[in-house]
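The following paragraphs lead through a model with two chains, beginning where the chains meet and then working outward from there. Please keep the structure in view while reading.

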Amino acid sequence: MRETLPKFEERGVAVGCVVQGTAEEMARFCGRHGVTAVCIADPKRESYRAMGLERTSWLKIAFPGAAGRKRRAAAKAAGFPISLKGTFQKHSDVLQLPGAAVVAKGGRIVWLHRGESPADIPSPAALLTIAEAYSSKQ
Amino acid sequence: MGVGVGGTVPEFAYALASGESRLLSALWADKPAVILWLRHFG
């Protein structure tokens, strides 16, 4: 996402990355990756629940499937290997599933994705394409 | 089930590292926004 951020900015699309954890944990983690400005700390996971993002099972964590393995390998290759310390932080629910939304100016949700597995989240490039498509309709 | 397409992202106040707080809706006040809900810091 860090590499794609300038492209969102160029196209006039704001980006927010909600993370589980306190503001301090968020600042530490996101600061390390240079993306503090777009990170949003949600230690109680209120927004996750409000968006209907579900929890997965330990079985799916242990056996992530081909897509999950591919995503883990890509993250590792990009310099972001799985961190057990990061995964098991106090305010982090390991079983929480991810999600993404494109929100029109003013707040209406025009596109929504609720992850069905731990790795089920669109790539930044795909999100950019989706956001552009909806922006051009407005 | 949560809010869906056509609905509005529920308002949510979040804390900044500085101690200040901000509303999620500030993100899309004057432009469209992409919001990601990530799993964890790992």
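In this predicted model, the contact between the chains draws 57 residues from chain A and 32 residues from chain B. On the chain A side, the elements that give two or more residues to this contact are β1 (14–19), α2 (23–32), β2 (39–41), α3 (46–50), α6 (84–87), β3 (99–103), β4 (109–114) and α7 (124–137). Sorted by character, the residues on that side of chain A divide into 35 nonpolar, 16 polar and 6 charged.

Before following the contact further, it helps to set out the two chains. Chain A contains 7 helices and 4 strands, and read along the sequence these follow the pattern α-β-α-β-α-α-α-α-β-β-α. Of the 138 residues in chain A, 30% are buried, and among its contacts between residues at least 6 apart in sequence, 55% join residues at least 24 apart. Chain B, by comparison, has 0 helices and 3 strands, in the pattern β-β-β. Its C-alpha atoms fill a box of roughly 35 × 30 × 15 Å along the principal axes, and buried residues make up 36% of the 42 residues in chain B.

How are strands of the two chains ordered in the open sheet of 5 strands? The order is β2(A)-β1(A)-β3(B)-β3(A)-β4(A), with mixed pairing, and this places the strand from chain B between β1(A) and β3(A). At the edges stand β2 and β4 of chain A, each of which has a single partner strand, so one side of each is left without a neighbour in the sheet. Direction ignored, neighbouring strands of this sheet are turned by 15° against each other on average.

Within that sheet, β3(A) deserves a closer look. With strand β3 (residues 33–37) of chain B, β3(A) pairs in the antiparallel sense over 5 bridges, and with β4(A) it also pairs in the antiparallel sense over 5 bridges. The strands β3(A) and β4(A) form a hairpin with 5 residues between them, and A:Gly106 in the turn has a positive phi of about 105°. In β4(A), A:Leu112 stands opposite A:Ala101, while A:His113 stands opposite A:Ala100.

In a regular strand the side chains alternate between the two faces of the sheet. Are the faces of β3(A) covered or open? Both are covered, with A:Gly99, A:Ala101 and A:Val103 buried on one side and A:Ala100 and A:Val102 buried on the other, and in total 5 of the 5 residues of β3(A) are buried.

A:Ala100 ties several of these threads together. Its bridge partner in β3(B) is B:Leu36, and, leaving aside its neighbours within four places in sequence, A:Ala100 is in contact with A:His113, A:Ile121, A:Pro122, A:Leu127, B:Val34, B:Ile35, B:Leu36 and B:Trp37. These contacts therefore reach residues of both chains, on the criterion that C-beta atoms placed from the backbone lie within 7 Å.

In soluble globular proteins, nonpolar side chains tend to be buried together. The largest nonpolar core here has 37 residues, and those that touch the most other members are A:Val19, A:Ala100, B:Ala33, B:Val34, B:Ile35, B:Leu36 and B:Trp37. At least two residues of this core come from each of β1, α2, β2, β3 and α7 of chain A and from β3 of chain B, and β3(B) gives the most, with 5 residues.

One of the helices that supply this core is α2(A), which lies across β1 and β2 of chain A and runs at about 155° to β2(A). Which residues of α2(A) are buried? They are A:Ala23, A:Glu25, A:Met26, A:Phe29 and A:Cys30, and because these cover an arc of only 150° around the axis, they are on the same side of α2(A). On the other side of the helix, A:Glu24 and A:Arg32 are exposed. An α-helix has 3.6 residues a turn, so residues three or four places apart point the same way. Just after α2(A), A:Gly34 takes a positive phi of about 70°.

Conventions
Residues are numbered from 1 along each chain as its sequence is written. Chains are lettered from A and ligands numbered from 1 in the order in which they are written. This is a predicted model: local features need pLDDT of at least 70, side-chain atom pairs count only at pLDDT 80 or more; totals for chains, interfaces and linings use all residues. Two residues are in contact if their C-beta atoms, placed from the backbone, lie within 7 Å. Ala, Val, Leu, Ile, Met, Phe, Trp, Tyr, Cys and Pro count as nonpolar, Asp, Glu, Lys and Arg as charged, and the others, Gly among them, as polar. Two strands pair if DSSP finds at least two bridges between them. A nonpolar core is a set of buried Ala, Val, Leu, Ile, Met, Phe, Trp, Tyr and Cys residues joined through C-beta atoms within 7 Å. A residue is buried if 20 or more other C-beta atoms lie within 10 Å of its own, exposed if 12 or fewer, and partly exposed in between; C-beta atoms are placed from the backbone. The arc is that of the directions from the helix axis to the C-beta atoms. Axes are lines fitted to C-alpha atoms, for helices over the stretch in contact, and angles run from 0 to 180 degrees between N-to-C directions.
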